[in-house]
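The following exercises are meant to be worked with the sequence and the coordinates side by side. Each one sets a task and then goes through a solution step by step.

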Amino acid sequence: QSDDKQRLKWYRHVGRLVGLCVLHNDLFPISFNRHVLKFLLDRKIGWHDMGFFDPQLYESMRQIIVDSSTMTPDDFESLSLTFQVTMRKELGGESIELVPNGADVEVTADNVYQFVELHAQYVMVEAMRPQLEAIRQGLHEVVPESAFAGLTAEDLRLLLNGCSSIDVGMLKSCTTFVNETGRSSKQEAEQLKKWFWQIVDKMSDAARHDLVYFWTSSPALPATEAGFVPRPSIVIRPPSDGHL
């Protein structure tokens with residue numbers, strides 16, 4: 001029990017780190033799943049969110065709902081589905097009843113929607129509720145809940161993880177070139193800038209991510225230019241054998 005309490009403290013610390021990143025407009029190094037972001041925002045989590053968490057399980061549940069209108073009682077019986085969930089091995093592998101005596105309650109055309117909702121809710125939320133609540137508690141210790149009013153899960157993802165693709169246009173507008181060659185002419189410096197952005201434009205998305213990570217110590221760009229603190233810069237120096 002003491003180990004469980006200590007683990008919950010760690011999750012609470014994670015929430016505080018999330019809050020500090022939001023507070024200081026920094027990127028968080030971990031990407032949360034959509035239902036976790038919704039839980040942190042206290043938004044309703046539906047079974048469709050399972051598609052972002054476990055696509056295979058989501059597709060199987062979706063197919064059951066699609067087919068339920070044409071399935072006979074014998075078809076449902078052949079599925080051997082009851083209101084019971086068997087968790088994956090990494091989550092303990094135990095069987096959980098979704099309703100009282102759920103192991104004896106068969107899934108039918110009349111209750112298939114309830115089964116899918118309860119199944120998804122348990123897998124995404126109830127199985128990890130103490131940990132999720134600890135993260136949310138730590139978050140609200142740093143940033144009040146009211147600060148997230150009106151935000152969606154996608155908004156929070158942008159705040160925490162930035163843009164998944166590298167916007168070269170925004171990168172150009174935020175980058176400062178410092179000419180330390182000692183030459184009064186700007187022509188050579190402008191040519192170097194032109195060559196640099198031509199190379200970046202031709203890079204693959206993966207290569208741009210590597211460049212941004214090497215350059216800014218962050219694997220992604222912030223959602224807005226205001227998130228670039230400090231702003232990236234490139235120093236143009238005279239030729240030397242001492243550096244690239």
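**Exercise 1. Compare the span of helix H7 with its expected span, and list its buried residues.**

Solution. The model is a predicted one, and the first step is to delimit the helix: H7 covers residues 129–142 and therefore contains 14 residues, for which 1.5 Å a residue gives an expected span of 20 Å. The second step is to take the distance from the first C-alpha of H7 to the last, which comes to 20 Å and is close to the expected value. The third step is to go through the helix for burial, where Gln-131, Leu-132, Ala-134, Ile-135, Arg-136, Gly-138 and Leu-139 are found to be buried.

**Exercise 2. Examine the salt bridge between Glu-133 and Arg-129, and explain how the two residues are placed along the helix.**

Solution. Begin with the distance: the closest N and O atoms of Glu-133 and Arg-129 are 3.3 Å apart, and the cut-off for a salt bridge is 4 Å. Next consider the positions, since the two residues are four apart in helix H7 and are therefore separated by about one helical turn. Finally, assess the exposure of each partner: Glu-133 is partly exposed at 37% relative accessibility, and Arg-129 is likewise partly exposed, at 26%.

**Exercise 3. Find which residue forms a salt bridge with Glu-141, and state which helices the pair links.**

Solution. The search from the side chain of Glu-141 leads to Arg-16, with a distance of 2.6 Å from N to O. The pair joins distant parts of the chain, because Glu-141 belongs to helix H7 whereas Arg-16 belongs to helix H1 (residues 2–23), with their positions 125 residues apart in sequence. As to accessibility, Glu-141 counts as partly exposed at 38%, and Arg-16 counts as partly exposed at 27%.

**Exercise 4. Analyse the salt bridge of Glu-154 with Arg-34, and then identify the network to which both residues belong.**

Solution. In the first step, the closest N and O atoms of Glu-154 and Arg-34 are found to lie 2.7 Å apart. This pair, too, links distant parts of the chain, as Glu-154 sits in helix H8 (residues 153–161) and Arg-34 in helix H2 (residues 34–40), 120 residues apart. In the second step, the relative accessible areas are read off: Glu-154 is partly exposed at 39%, while Arg-34, at 18%, is buried. In the third step, the salt bridges are followed outward, and Arg-34, Lys-38, Asp-49 and Glu-154 turn out to be linked in a network. For the structure as a whole, the number of salt bridges is twelve.

**Exercise 5. Determine what surrounds the side chain of Arg-208, and whether its charge is paired or unpaired in a salt bridge.**

Solution. Arg-208 is located in helix H11 (residues 205–216). Side chains of opposite charge can pair when their charged atoms come close. Here, however, Arg-208 is buried and has no salt bridge, the nearest side chain of opposite charge being that of Asp-205 at 4.8 Å. The side chain of Arg-208 does reach the backbone oxygen of Met-203, at 3.5 Å. Once its neighbours within four places in sequence are set aside, the contacts of Arg-208 are with Ile-166, Val-168, Val-200, Asp-201, Lys-202 and Met-203.

**Exercise 6. Locate Asn-25 and Asp-42, and describe their backbone phi values.**

Solution. Asn-25 lies in the loop between H1 and H2, and although this residue is not a glycine, its phi is positive at about 60°. Its relative accessible area is 35%, so Asn-25 is partly exposed. Asp-42 is placed in the loop between H2 and helix H3 (50–53), and it also has a positive phi of about 60° without being a glycine.

**Exercise 7. Summarise the chain by its secondary structure, burial, contacts and surface.**

Solution. Counting the elements gives eleven helices and four strands. Of the 244 residues, 35% are buried. Among contacts with a separation of 6 or more, 66% involve residues 24 or more positions apart. The accessible surface amounts to about 15200 Å², and carbon and sulfur atoms account for 53% of that area.

Notes
Residues are numbered from 1 along each chain as its sequence is written. This is a predicted model: local features need pLDDT of at least 70, side-chain atom pairs count only at pLDDT 80 or more; totals for chains, interfaces and linings use all residues. Side-chain values use heavy atoms; hydrogens and water are left out. Buried means under 20% relative accessible area, exposed over 50%, partly exposed in between (1.4 Å probe, protein chains only). Lys and Arg count as positive and Asp and Glu as negative; His and the chain ends are not counted. A polar contact is a pair of N or O atoms within 3.5 Å; within protein, one must be able to donate a hydrogen and the other to accept it, and residues adjacent in sequence count only if both atoms are side-chain atoms. Contact means heavy atoms within 4.5 Å. Accessible areas come from the Shrake-Rupley method with a 1.4 Å probe; for residues, only the protein chains shown count as cover.
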